[in-house]
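Trainee: Could you walk me through the reasoning behind the labels on this structure? I would like to see each value set against its cut-off.

Mentor: Happily; here it is.

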There are 2 protein chains.
Amino acid sequence: MDKYMLGDVGELHPGFSIDCVILCYYKKKIRVLLNKFDVSNYWQLPGGFMRKSESADEAAFRILQTRTGLTGIYLKQFHLFAEPSRTVMEQNLEYGNKMADGLQEAEWFMQRFISMGYYALVKYEDVQCIKKESEVMKWFDVNDLPPLYSDHNNIIKTALNTIRETLPIVPIGCELLPEKFKMSDLRRIYEIFLDKEIDRRNFQRKVLATGYIIQLEEIQSNSTYNPPILYSFDAEKTKEGVYFIV
Amino acid sequence: MDKYMLGDVGELHPGFSIDCVILCYYKKKIRVLLNKFDVSNYWQLPGGFMRKSESADEAAFRILQTRTGLTGIYLKQFHLFAEPSRTVMEQNLEYGNKMADGLQEAEWFMQRFISMGYYALVKYEDVQCIKKESEVMKWFDVNDLPPLYSDHNNIIKTALNTIRETLPIVPIGCELLPEKFKMSDLRRIYEIFLDKEIDRRNFQRKVLATGYIIQLEEIQSNSTYNPPILYSFDAEKTKEGVYFIV
């Protein structure tokens, strides 16, 4: 959660927060955007609270835009985190005291609050990390995470599991890859989410058989020796909504 | 929401409720379970509040068991309803005054509250409608609904849309049909969710080609003339999690 920019605590919906798992594909890894305030020992997901005047989706889009400059991106609710034990009171107190006037006086803030998990699929180069002076923002490999605040580790794990279970209906490749991409990068993305090696030839054959992907005439220009073939998603076909089953 | 059985309002998580879209397939229709209290003009989804000692999933399972006697069923979070305009204060006041002592005094109850939508897929014959003296419970065709409380119409519509969009990963047939079923009933379920007629032969061919369905030797015993062939889901295969794309 982001406890800056809270404004009047009385204007927030009680007992509820939003956490965003922002994922990109960069240098052969799936990465998640995390931030850490100077006063905290933990990294955390970009998040915040919902104002009484907002819907949850509006709040999530606002938080994302404020933190990454992104608008109109692929953003999905995936799970409501509501375990009674999820809010660690000591961590709340530390944050409440140090970070926002009035927050520690709001009764609900000192009790369990529930958090709607959203995941966003973005392109690495589109994201600006908009951070405050007293914080750091950084992309982390999802398979190599630092110590995280509260249940944020579980939130990230649940986001990855949700994507894995829904792979046939998530346009993961279109959202994470640039317009023109190499087949090896698309395969790598599936390998990370499925946590297994995928046979190169089988993958290529299956993926091309779906008709969702077009082989481009051009080749990657900066490669001179054995240049890789580039591919692109068929925009019309991908709208239909069922992707690959690999 | 079910405002009976609330117990101490102070023990409830503020600003949050749960609504369950319980779906079955009966006599060629997809049906949703609704209840209506004598004092109300509106039908509503079975629902309730989350106790401070519960997770959202625990609360949803408790509500379902209390209302239908069902345990261990297919129950999924599908959307958080959090539009600022969703709670109609007049309706809340009416309910609050008539139905639970102390509820109208809880500050959050008189403001917008957000609701986690769950959908459940059940078999018609497994459900007992457990109702109070002062209420009615009834199955309604999802395409022929009565006037509904608050945004419950939208909650049902969103549940159906969610299922339609995720059909390749929802075991809709296994959950809604009896162990042995006719191909025409499985097709009918897909026709209702997809809101279109499906060609009988193509459907049968595609469905059998997936290997998820076994044709049984036996035929329906009460039919003497041109008895229909019965089918069953392959329990092992359906665990793998990708169903039909029709």
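Trainee: How many salt bridges are counted between chain B and chain A?

Mentor: The count between chain B and chain A is zero salt bridges. Keep in mind that this is a predicted model. The two chains do have 14 residue pairs in polar contact, with both residues at pLDDT 80 or more.

Trainee: Which elements make up the side of chain B that touches chain A?

Mentor: Those giving two or more residues are β1, β3 (47–51), α1 (56–68), β4 (74–81) and β5 (114–121) of chain B. The largest share, four residues, comes from β1(B). By class, that side of chain B has 14 nonpolar, eight polar and seven charged residues.

Trainee: How much area is buried between chain B and chain A, and what share do carbon and sulfur atoms give?

Mentor: About 2,200 Å² is buried between them, and carbon and sulfur atoms give 63% of that area. The contact takes 29 residues from chain B and 29 residues from chain A.

Trainee: How many salt bridges does the structure hold over all chains?

Mentor: There are 14 over all chains.

Trainee: Why is the pair Asp141(A) and Lys29(A) called a salt bridge?

Mentor: The closest N and O atoms of Asp141(A) and Lys29(A) are 3.8 Å apart. The cut-off is 4 Å, so the pair qualifies. Asp141(A) lies in strand β6 (residues 135–141) and Lys29(A) in strand β2 (residues 29–37) of chain A, so the pair ties together parts that are 112 residues apart in sequence.

Trainee: What makes Asp141(A) buried?

Mentor: Its relative accessibility is 14%, and buried means under 20%, so Asp141(A) counts as buried. Lys29(A), at 34%, falls between 20% and 50%, so Lys29(A) is partly exposed.

Trainee: How do you know that Asp185(B) and Lys28(B) form a salt bridge?

Mentor: Their closest N and O atoms are 2.9 Å apart, and that is within 4 Å, so the label holds. This pair links distant parts of the chain, with Asp185(B) in helix α5 (residues 183–194) of chain B and Lys28(B) in the loop between β1 (12–26) and β2 (29–37), 157 residues apart. Asp185(B) has a relative accessible area of 13% and is buried, whereas Lys28(B), at 39%, is partly exposed.

Trainee: Where do Arg188(B) and Glu191(B) lie?

Mentor: Both are in helix α5 of chain B, three residues apart, about one turn of the helix. Their closest N and O atoms are 3.7 Å apart, and the two residues form a salt bridge. Arg188(B) is partly exposed at 28%, while Glu191(B) is buried at 13%. In chain A, Arg187(A), Arg188(A) and Glu191(A) are linked in a network of salt bridges.

Trainee: How many disulfides does a search of the whole structure find?

Mentor: The search finds zero over all chains. Cys174(B) is a good case to check: the nearest cysteine sulfur, that of Cys24(B), is 16 Å away. A disulfide needs the two sulfur atoms within 2.5 Å, so Cys174(B) is in no disulfide.

Trainee: What makes Cys24(B) buried?

Mentor: Cys24(B) has 0% relative accessibility. The limit is under 20%, so Cys24(B) counts as buried.

Conventions:
Residues are numbered from 1 along each chain as its sequence is written. Chains are lettered from A and ligands numbered from 1 in the order in which they are written. This is a predicted model: local features need pLDDT of at least 70, side-chain atom pairs count only at pLDDT 80 or more; totals for chains, interfaces and linings use all residues. Side-chain values use heavy atoms; hydrogens and water are left out. A salt bridge is a side-chain nitrogen of Lys or Arg within 4 Å of a carboxyl oxygen of Asp or Glu. Buried means under 20% relative accessible area, exposed over 50%, partly exposed in between (1.4 Å probe, protein chains only). Contact means heavy atoms within 4.5 Å. Buried area is the accessible area (1.4 Å probe) that two parts lose on being put together, summed over both. A polar contact is a pair of N or O atoms within 3.5 Å; within protein, one must be able to donate a hydrogen and the other to accept it, and residues adjacent in sequence count only if both atoms are side-chain atoms. Ala, Val, Leu, Ile, Met, Phe, Trp, Tyr, Cys and Pro count as nonpolar, Asp, Glu, Lys and Arg as charged, and the others, Gly among them, as polar.
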